[in-house]
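Colleague: I would be grateful for a close look at one part of this model, with an account of how that part packs against its surroundings. Please build the answer up step by step.

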Amino acid sequence: MTVQRQIGFWIAALVVAVLLLFVLRGILLPFVAGFALAYLLDPLADRLQKVGIGRLGASLLILVLFVLVFILALVVLVPFAAQQVGAFVERLPGYVTRLQELGAEQLGPLIRRLGIEEVLPAAPPSVGNLISQGIAWMTTFLQGLWSGGQALIGIFSLLVVTPVVAFYMLVDWDRMVRTVDSWMPMRHRDTIRNIARDIDRAIAGFVRGQALVCLILGTFYAVSLALIGLNFGGLIGMTAGILSFIPYVGSLTGLILSVGVAIVQFWPDWTMIAATLGIFIFGQFVEGNILSPKLVGESVGLHPVWLMFALVAFGALFGFVGLLLAVPLAAAIGVIARFALRQYLASPLYRGADPVILKPRVEAEQKADINA
């Protein structure tokens with residue numbers, strides 16, 4: 001009966017939290033962003049404390065430097081990115097039409113030789129129209145995120161409130177953690193602490209590690225594509241780097257865009273097209289064998305499909321707030337689900353025997369799995 005009450009309590013708490021998040025989603029963005037910023041910068045503040053800088057001074061120094069870098073990035077990158085995006089979107093239908101023409105020219109003789117032209121439609125649908133429809137859908141989706149996350153607060157509120165929230169959270173971070181820890185039920189405190197550490201390890205390992213991977217890959221792709229003279233190489237490279245936050249999605253997107261542009265721009269020079277393809281093959285090899293294992297690690301437990309589902313689902317439900325919460329909530333759900341699965345596999349419900357007798361066997365199996 002006690003277990004049933006505990007389960008009911010936590011389910012009710014989860015429902016209340018989700019309802020509050022949904023109701024307040026229009027005003028939560030600067031606070032969630034400030035909390036996320038404080039979480040990301042807390043390790044740096046701890047390191048500054050170890051060298052003799054007080055917590056208040058370390059927090060103030062970190063936040064001032066972050067704001068300066070952010071403003072500099074806005075001043076330098078935003079105008080360039082806006083100009084590049086506008087020009088690329090304007091020329092995208094022309095690129096697609098040219099690819100269609102090249103495909104018809106190169107594949108036409110092969111189709112006639114195989115005698116299957118009767119099977120194919122006489123007038124293939126315009127891919128350019130499909131691309132235009134896709135761009136319109138993406139624009140509508142982004143507008144939905146924008147209105148869902150910014151309707152009540154505006155840009156000014158986001159830029160002003162977020163640094164203030166991040167500063168106070170960063171100053172009081174350790175004290176807040178100790179306070180929340182003191183609220184944990186004493187009987188289950190060790191278990192909850194272990195779960196919390198696993199969640200923190202998963203979130204920190206993925207967010208901080210994957211952000212560094214995205215920065216390295218985006219810089220590599222942008223510089224390499226610009227050096228070979230690819231049109232919009234910098235834009236495509238940085239887009240691929242940003243989308244690399246979702247494993248494989250960034251590299252695949254950048255590969256399709258860059259090779260398509262390279263074919264239109266360099267045809268029939270296969271050397272430059274192969275160079276474009278080689279850049280992404282090399283980048284994917286480095287990401288999979290060096291960057292991700294070293295910076296992200298294998299213990300994060302966030303499958304790419306689960307991550308994509310979380311980003312789309314939370315983004316559709318809660319706007320930009322949902323996008324910020326998607327990764328930590330996905331990591332937390334994954335850790336809790338794995339813990340629940342371990343408990344189930346060690347329970348009489350699965351084993352059909354006394355858990356006290358099976359405990360040494362379960363521990364031995366877990367150690368064997370770890371060693372394997």
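Modeller: A residue counts as buried under 20% relative accessible area, as exposed over 50%, and as partly exposed in between. By that scale Thr 239, with a relative accessibility of 28%, is partly exposed, because 28% falls between the two limits. Thr 239 belongs to helix 8, and the part examined here is that helix together with the loop that precedes it and the helix that follows. The model is a predicted one.

Some context is useful. The protein has 14 helices and 0 strands. Of its 372 residues, 30% are buried. Among contacts with a separation of 6 or more, 73% join residues 24 or more positions apart.

Helix 8 covers residues 233–243 and helix 9 covers residues 249–266. Two packed helices are described by the angle between their axes and the distance between the axes. For this pair, the axes come within 7 Å and cross at roughly 160°. Helix 8 is therefore roughly antiparallel to helix 9, since an angle over 145 degrees is classed in that way. The crossing of helix 8 with helix 9 is right-handed.

On the helix 8 side, the contact is made by Ile 236, Ala 240 and Leu 243. Helix 9 contributes Val 249, Gly 250, Ser 251, Thr 253, Gly 254, Leu 257, Ser 258 and Val 261. Sorted by class, these residues comprise 6 nonpolar, 5 polar and no charged ones. Thr 239 of helix 8 offers a further view of this pairing: its C-alpha lies 7.1 Å from that of Gly 254, and the two residues are 15 apart in sequence.

The loop between helix 7 and helix 8 holds Leu 230 and Phe 232. Leu 230 has a relative accessibility of 5%, so it counts as buried. Beyond residues up to four places away in sequence, Leu 230 touches Leu 225, Ile 236, Ser 258, Val 261, Ala 262, Gln 265, Phe 266 and Thr 276. Among these partners, Ile 236 of helix 8 and both Ser 258 and Val 261 of helix 9 also take part in the contact between the two helices. Leu 230 and Val 261 are separated by 31 residues in sequence, yet their C-alpha atoms are 7.5 Å apart.

Phe 232 is buried as well, because its relative accessible area is 10%. Most residues other than glycine have a negative phi. Phe 232 is not a glycine, but its phi is positive, at about 60°.

Leu 230 also has a place in a wider setting. In soluble globular proteins, nonpolar side chains tend to be buried together. Here the largest nonpolar core has 63 residues, and Leu 230 and Val 321 are the ones that touch the most other members. Helix 7, residues 189–227, supplies the largest share of this core, with 11 residues. Apart from neighbours within four places in sequence, Val 321 is in contact with Leu 21, Arg 25, Leu 28, Leu 29 and Val 32.

Helix 7 also packs against helix 2 (residues 29–50), at an angle of about 90° and with the axes 11 Å apart. These two helices are therefore roughly perpendicular. Tyr 39, Leu 40 and Pro 43 of helix 2 meet Asp 200, Ile 203, Ala 204, Val 207 and Arg 208 of helix 7. This contact has 6 nonpolar, no polar and 2 charged residues.

Terms used:
Residues are numbered from 1 along each chain as its sequence is written. This is a predicted model: local features need pLDDT of at least 70, side-chain atom pairs count only at pLDDT 80 or more; totals for chains, interfaces and linings use all residues. Side-chain values use heavy atoms; hydrogens and water are left out. Axes are lines fitted to C-alpha atoms, for helices over the stretch in contact, and angles run from 0 to 180 degrees between N-to-C directions. Helices (H or I, at least four residues) and strands (E, at least two) are DSSP runs, numbered from the N terminus. Angles under 35 degrees count as roughly parallel, over 145 as roughly antiparallel, 65 to 115 as roughly perpendicular and the rest as oblique. A crossing is left-handed if the near helix is turned anticlockwise from the far one by less than a right angle, and right-handed if clockwise. Contact means heavy atoms within 4.5 Å. Ala, Val, Leu, Ile, Met, Phe, Trp, Tyr, Cys and Pro count as nonpolar, Asp, Glu, Lys and Arg as charged, and the others, Gly among them, as polar. A nonpolar core is a set of buried Ala, Val, Leu, Ile, Met, Phe, Trp, Tyr and Cys residues joined through side-chain atoms within 4.5 Å. Buried means under 20% relative accessible area, exposed over 50%, partly exposed in between (1.4 Å probe, protein chains only).
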